[in-house]
Every structure is written in C-alpha cells, then in structure tokens.
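The exercises below concern helix packing, burial and backbone geometry, and each is followed by a solution that goes step by step. Please have the coordinates at hand while working through them.

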Amino acid sequence: MCAFRSSVSRCVQVLVCACFITISPPSRADAGADPWKGINRPIFSFNDTLDTYALKPLAQAYQFVTPRVAQDGIHHFFNNLGEVKNLSNNLLQAKFHSAGVDTSRFLLNSTIGLAGLFDVATPMGLQRSDEDFGQTLGYWGVNSGPYLVLPLLGPSTLRDAPAILPDAYTNPVRYIGDVPTRNSLYGVSLIDGRAQYLTSEKLITGDKYNFIRSVYLQTRAFKINGGAVKDDF
C-alpha cells in the first residue's frame with residue numbers, strides 16, 4: 001500500500017514538473033528506453049482501468065466532501081512524514097545542507113505545525129526536497145535501465161523499481177503497531193495522492209502511454225542531474 005502511494009505521488013510529481021520543464025514529444029531515446037513495450041502497455045492498460053473505475057472516483061468523492069482546509073492539512077501531514085525519506089536519501093547522497101533543511105522542516109512542522117498539519121517551514125525559507133532511493137542510485141552513477149510499468153505501481157525503470165522497497169522502510173506509518181490505524185493512514189494517503197493528480201492529469205495530450213513514459217523519463221533525468229534535462233538511459 002505504501003509503495004502504491006509512492007507511485008501515485010511520483011505520477012503527480014511527473015505531471016506537475018511538466019509545467020516547469022520543456023517536455024519534448026516521444027523521441028527515439030524514449031523508444032530506445034522502452035524495449036519491453038509489449039509487456040508494459042498491457043500492464044499500463046490494466047492500471048489505467050483500475051484507476052478509472054476505482055481510485056479516481058474515490059479521489060473525486062474525497063475532494064467533493066472534504067473541505068479545502070482539511071485537504072491541505074492532510075496533504076501537509078503526509079508530506080511531513082515524507083521528510084524522513086528525503087532526509088535519508090539526502091544523507092546517502094552526501095547532501096548534508098539539504099539533509100539539515102529536511103531535519104529542520106520535520107522538527108518545525110511536527111511541533112509548531114501541529115504534527116505536520118500546517119507547513120510552517122516553507123514560509124521560513126526552508127524549501128522541501130523531493131528525494132528517493134532511485135534518485136540516490138542515479139546520483140552515484142547507476143543508469144536507469146529500461147522503462148518499466150509495474151502492476152498497480154505504475155511508471156518506473158529497472159533501477160527505480162527495486163528502489164521502492166528501501167523507501168518503504170522510511171515511512172513512519174509502517175511502524176504503527178495498531179493495524180487498523182496503520183491501514184487507514186495508508187488508505188487516506190493513497191486517496192490524497194490521487195486527489196493531487198486530478199488537476200495535473202489535464203496536462204496529458206496524445207497517446208497517454210507515450211506521454212507518461214516521456215515525461216517520467218525526462219523528469220527523472222531532470223531530478224537526478226540537478227535540473228539539467230539530459231538522457232539518463
């Protein structure tokens with residue numbers, strides 16, 4: 001469940017990044033990075049169907065019945081928990097200044113921000129990182145490998161797919177002993193992540209599979225290369 005939330009979150013980030021970086025149409029480099037397209041497309045269709053008839057309606061209902069201020073608080077809460085993942089990966093990448101910012105954000109938002117319901121750190125100039133173990137591997141020179149669509153988990157690569165597991169262990173929700181509480185938090189976080197994607201998905205044009213693949217690969221390269229868009233495969 002936490003891996004599914006992570007995948008939804010990545011989809012949101014990919015589409016949001018499309019607003020800020022120039023996304024080129026599917027290129028030969030994209031096609032060359034997708035030798036498993038014959039398997040990826042059916043899995044993509046399965047995921048898309050499941051999303052269309054299950055997850056998306058839940059997210060739409062959540063947005064309809066939940067006040068905006070409550071949605072913001074829930075989103076800030078789960079972002080605050082994500083600071084643990086950001087901190088861990090910044091340390092592994094030897095980005096000690098960023099790790100210090102992550103620590104400060106977590107402490108401030110967990111206390112003054114009432115367990116993360118309010119983001120008080122960003123107005124103080126402490127900008128949120130967005131790091132994961134796949135980026136850490138890329139930072140240390142591990143190539144992305146072929147594009148890969150995972151059942152339920154969505155777009156990934158041969159490098160990023162196994163990296164989901166270490167990140168799952170940095171999610172504090174995983175260590176909640178009460179199973180109903182833990183699963184409820186997983187469920188809410190999943191719906192929150194999908195709700196963020198409702199607006200962003202309007203950016204999709206043309207063939208949905210090709211668009212998501214192209215944007216995913218370029219966005220991952222953008223993040224790993226420090227804001228420079230270049231091939232990472």
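**Exercise 1.** Determine how the axes of helix α5 and helix α6 are arranged, and which residues meet.

*Solution.* Begin with the axes, which are lines fitted to C-alpha atoms, for helices over the stretch in contact, with angles that run from 0 to 180 degrees between N-to-C directions. The axes of α5 (residues 83–92) and α6 (residues 96–111) come within 8 Å and cross at roughly 160°. That makes α5 roughly antiparallel to α6, given that angles under 35 degrees count as roughly parallel, over 145 as roughly antiparallel, 65 to 115 as roughly perpendicular and the rest as oblique. Helices here are DSSP runs (H or I, at least four residues), as are strands (E, at least two), numbered from the N terminus. This is a predicted model, in which local features need pLDDT of at least 70 and side-chain atom pairs count only at pLDDT 80 or more, whereas totals for chains, interfaces and linings use all residues. Residues are numbered from 1 along each chain as its sequence is written, and side-chain values use heavy atoms, with hydrogens and water left out.

Next, take the contact, meaning heavy atoms within 4.5 Å. On the α5 side it involves Glu 83, Val 84, Asn 86, Leu 87, Asn 90 and Leu 91, which meet Phe 96, Ser 98, Ala 99, Asp 102, Thr 103, Arg 105 and Phe 106 of α6. By class, the contact of α5 with α6 has 6 nonpolar, 4 polar and 3 charged residues, where Ala, Val, Leu, Ile, Met, Phe, Trp, Tyr, Cys and Pro count as nonpolar, Asp, Glu, Lys and Arg as charged, and the others, Gly among them, as polar.

**Exercise 2.** Establish which residues of α5 are buried, and what covers them.

*Solution.* Buried means under 20% relative accessible area, exposed over 50%, and partly exposed in between (1.4 Å probe, protein chains only). In α5, the residues Glu 83, Lys 85, Asn 86, Asn 89 and Asn 90 are buried. Seen down the axis of α5, these buried residues fall within an arc of 155°, so they line one face of the helix; the arc is that of the directions from the helix axis to the C-beta atoms. The elements that cover them include α4 (68–81), α6, α7 (133–139) and α8 (160–168).

**Exercise 3.** Find what is noteworthy about phi at Ala 94, and where this residue lies.

*Solution.* Ala 94 is placed in the loop between α5 and α6. Although Ala 94 is not a glycine, its phi is positive, at about 60°. Ala 94 is partly exposed, with a relative accessible area of 38%. Leu 114, in the loop between α6 and α7, is likewise a residue other than glycine with a positive phi, near 55°.

**Exercise 4.** Describe the arrangement of helix α3 and helix α9, and the residues of their contact.

*Solution.* The axes of α3 (residues 37–65) and α9 (residues 179–200) come within 8 Å and cross at roughly 90°, and the two helices are therefore roughly perpendicular to each other. The contact includes Asp 51, Leu 55 and Lys 56 of α3, and Leu 190, Ile 191 and Asp 192 of α9. Its residues divide into 8 nonpolar, 2 polar and 4 charged.

**Exercise 5.** State how many helices and strands the chain has, and what share of its residues is buried.

*Solution.* There are 10 helices and 2 strands in the chain. Of its 233 residues, 45% are buried; one of the buried residues is Ile 212, with a relative accessible area of 8%.
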